[in-house]
Amino acid sequence: MSSKCYTLSCTGEDKMKQESRLILALDVTEEEKALHVSRDVGDIVDAIKVGYPLVLSCGLDMVSKIAEHSDVICDFKVADIPNTNRLIVENVFKKGASGVIAQGFVGKDSIEACVKAAGGKDVFVVVEMSHPGGAEFFQPVTDALVKLALEAGATGVIAPATRPDRVAHIRSLAGNMKILTPGVGAQGGSAASAINSGADYVIVGRSIYQAEDPKEAAQAIADEIKNSL
Ligand code: O7M
């Protein structure tokens, strides 16, 4: 894991740095491409998010390989009973991840198990998703999920950049928790609107890794974020 990327807070806990406020969603399925993009953008982004597309194609060891270039957040949207959540979270941190993403609808005990297994590292809870269907079942319970994340001691929540009004609403409930917002670019959301609505980070995938020059694309979004602060 790249220690340069993490700050040690006064509580002794490892939390994600907040510099460019940009997180790359590395949803590619080829190792060579994954490592090439990670090398290119590792110094620009605050973290790289890896999930099922990459890990199911190339293996969990990709977490350790990418951690040589950036901090890694494992987006497995962990959603099981507390014991299974614990086993999953222990596994990803053993591979060098710096954070993990879980679903809150499984209940507070399941998220508490993630937080405990993370041992001071980051746990983020999905409270509303960015796609059109994300409004169907999440929206009626978003407020309760934010409360659950707060009470369970999560670092932050995932909220939709595609609905800046919802980001602002979630900000009003989220206390000190960080807000990470996917949905910028390919899904139609804007980085500046998400940040202006109270997001701490934006998560961007295709607009970076599918660009002809991923480094240039990442830098352009990082500049947009900087100019919107
Ligand atoms: O920029 P994209 O659309 O190519 O990629 C967005 C990434 O964010 C991709 O990895 C999605 O799985 C993820 N994501 C969403 O797009 N919407 C959500 O509501 C939640 C996530 C996410 O990261 O959840 C943790």
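In what follows, Ala, Val, Leu, Ile, Met, Phe, Trp, Tyr, Cys and Pro count as nonpolar, Asp, Glu, Lys and Arg as charged, and the others, Gly among them, as polar. Sorted that way, the lining of the largest pocket in this predicted model comes out as 14 nonpolar, six polar and six charged residues. The pocket itself has a volume of about 450 Å³. Its lining takes in 26 residues, and those nearest the centre are Asp27, Lys49, Lys77, Pro182 and Gln187. Several elements give two or more residues to that lining, namely β4 (47–51), α2 (52–58), β5 (72–78), β10 and α10 (206–209). The biggest share comes from β5, which supplies three residues.

Next comes the ligand. There are 16 residues around the ligand, and Asp27, Lys49, Ser130, Gln187 and Arg206 come nearest. A few polar contacts can be picked out one by one. Ser130 brings a polar side-chain atom to 2.7 Å from a nitrogen atom of the ligand. Gly205 takes part through its backbone instead, with a polar atom 2.8 Å from an oxygen atom of the ligand. Lys77 also joins in, with a polar side-chain atom 3.3 Å from an oxygen atom of the ligand.

Lys77 is worth a second look. This residue sits in strand β5, and it is among those nearest the centre of the largest pocket. Its phi is near 35°, a positive value in a residue other than glycine. Lys77 counts as partly exposed because its relative accessible area is 31%, which falls between the 20% and 50% cut-offs. Arg21 has a positive phi as well, near 65°, and is likewise a residue other than glycine. Arg21 is found in the loop between β2 (14–16) and β3 (22–25). At 18% relative accessibility, Arg21 is buried, since the cut-off for that label is under 20%.

Two serines in loops come next. Ser70 lies in the loop that runs between α3 (61–66) and β5. With a relative accessible area of 0%, Ser70 is buried. A polar atom of the Ser70 side chain lies 3.3 Å from the backbone nitrogen of Ile48. The other serine, Ser197, belongs to the loop between α9 (191–196) and β10 (201–204). Ser197 has 16% relative accessibility and therefore counts as buried. Leaving aside residues up to four places away in sequence, Ser197 touches Pro164, Val167, Ala168 and Arg171. Pro164 also pairs up with Ser197 in a polar way: the backbone oxygen of Pro164 is 3.5 Å from a polar atom of the serine side chain.

And Phe105: is it buried or exposed? Phe105 is exposed, because its relative accessibility is 53% and the label applies over 50%. This phenylalanine is part of the loop between β6 (99–103) and α5 (108–118). Even so, it has company: Phe105 touches Ala79, Phe138 and Leu145, with residues up to four places away in sequence left out of the count. Ile221 lies 116 residues from Phe105 along the chain, and the C-alpha atoms of the two are separated by 32 Å.

How values were computed. Residues are numbered from 1 along each chain as its sequence is written. This is a predicted model: local features need pLDDT of at least 70, side-chain atom pairs count only at pLDDT 80 or more; totals for chains, interfaces and linings use all residues. Side-chain values use heavy atoms; hydrogens and water are left out. Helices (H or I, at least four residues) and strands (E, at least two) are DSSP runs, numbered from the N terminus. Buried means under 20% relative accessible area, exposed over 50%, partly exposed in between (1.4 Å probe, protein chains only). A polar contact is a pair of N or O atoms within 3.5 Å; within protein, one must be able to donate a hydrogen and the other to accept it, and residues adjacent in sequence count only if both atoms are side-chain atoms. Contact means heavy atoms within 4.5 Å. On a 1 Å grid over the protein atoms alone, a cavity is a set of points where a 1.4 Å probe fits but cannot get out, and a pocket is an open set with protein on both sides within 12 Å along at least five of seven lines; lining residues have an atom within 4 Å of a point. Grid points are joined across faces, edges and corners, and a volume is the space filled by probe spheres set on the points. A residue is near a molecule or strand if one of its heavy atoms lies within 4 Å of it.
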